[in-house]
Amino acid sequence: THTYQSTPLEWIINKRPVWFHVVYNSGKRADIYAHGNSILLWSGLGVVLFFMLGIIKRLLNSTDTKKPFQTIAQIIRTPLAYLLMGYFATWIVWIRSPRIMFFYHYTPAIPFLVILLAYGLYKLTKLPEKYQPLAQASALTILGLIALYFVLFFPRCTAIEMPAEFVNSVYFMFESWK
């Protein structure tokens, strides 16, 4: 076992980062953590679940009883289904692994998650006209929060010295991030 090990189910919610480096200087601290962008991961997980449910619903409602396998194959051959399969193929294989695992094992799934999130935000802005103000505000809020999170946590990923009080209150806001 290892104090920074984590499970594949913990990766998708950004529960346990991997600590690589630390420097303590009088009242300051510099760290390097393998840590995901929580806003990106959490909103991406929501989009993955939404698209998965959509595909499952289409599969369950496929009404062409004369050619059921053709209908299923047509649904599964969509670019969205390929993206979901790519995401799960690079992440779900770790669920049954007996070895010690760390957050960085989730890295190959992140590009699929980002593409799915981008597509989800795009689809959000294509809702009917009456939903546009809320849809666009939601998309811009998610993108803005992702950018803000990146800027806020950049020092933690690059060993830039920060005040120890700030590090303890912001970078370690969850007990599992320590």
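Trainee: What makes the meeting of the E10 and K15 side chains a salt bridge?

Mentor: In this predicted model, the N to O distance between E10 and K15 is 3.6 Å. A salt bridge requires a Lys or Arg side-chain nitrogen within 4 Å of an Asp or Glu carboxyl oxygen, so the pair qualifies.

Trainee: And why is K15 called partly exposed?

Mentor: K15 has a relative accessible area of 36%. Buried means under 20% and exposed means over 50%, so a value in between counts as partly exposed.

Trainee: How many salt bridges does the structure hold?

Mentor: There are 2. One of them joins R29 to D31, with the closest N and O atoms 2.9 Å apart. Both R29 and D31 are buried.

Trainee: How do you know that R156 has no salt bridge?

Mentor: R156 sits in helix α6, and D31 is its nearest side chain of opposite charge, 5.5 Å away. The cut-off is 4 Å, so that pair does not count. R156 is buried all the same. A polar atom of its side chain lies 3.4 Å from the backbone oxygen of Y171, and its contacts beyond the sequence neighbours within four places include P17, Y33, F172 and W177.

Trainee: Why is α2 called roughly perpendicular to α5?

Mentor: The axes of α2 (residues 38-60) and α5 (residues 110-124) cross at roughly 70 degrees and come within 9 Å. Angles of 65 to 115 degrees count as roughly perpendicular, so the label fits.

Trainee: Which residues meet there?

Mentor: Among them are L40, L41, G44 and F51 in α2, and I110, L113, L117 and G120 in α5.

Note on methods
Residues numbered from 1 in each chain as written. Predicted model: local features only at pLDDT ≥ 70, side-chain atom pairs only at ≥ 80, totals over all residues. Heavy atoms only, no water. Helix = DSSP H or I, 4+ residues; strand = E, 2+ residues; numbered from the N terminus. Buried < 20%, exposed > 50% of the residue type's maximum accessible area, 1.4 Å probe, protein only. Lys, Arg positive; Asp, Glu negative; His and termini not counted. Polar contact = N/O pair within 3.5 Å; in protein donor to acceptor, adjacent residues only side chain to side chain. Contact = heavy atoms within 4.5 Å. Axes fitted to C-alpha atoms, helices over the stretch in contact; angles between N-to-C directions.
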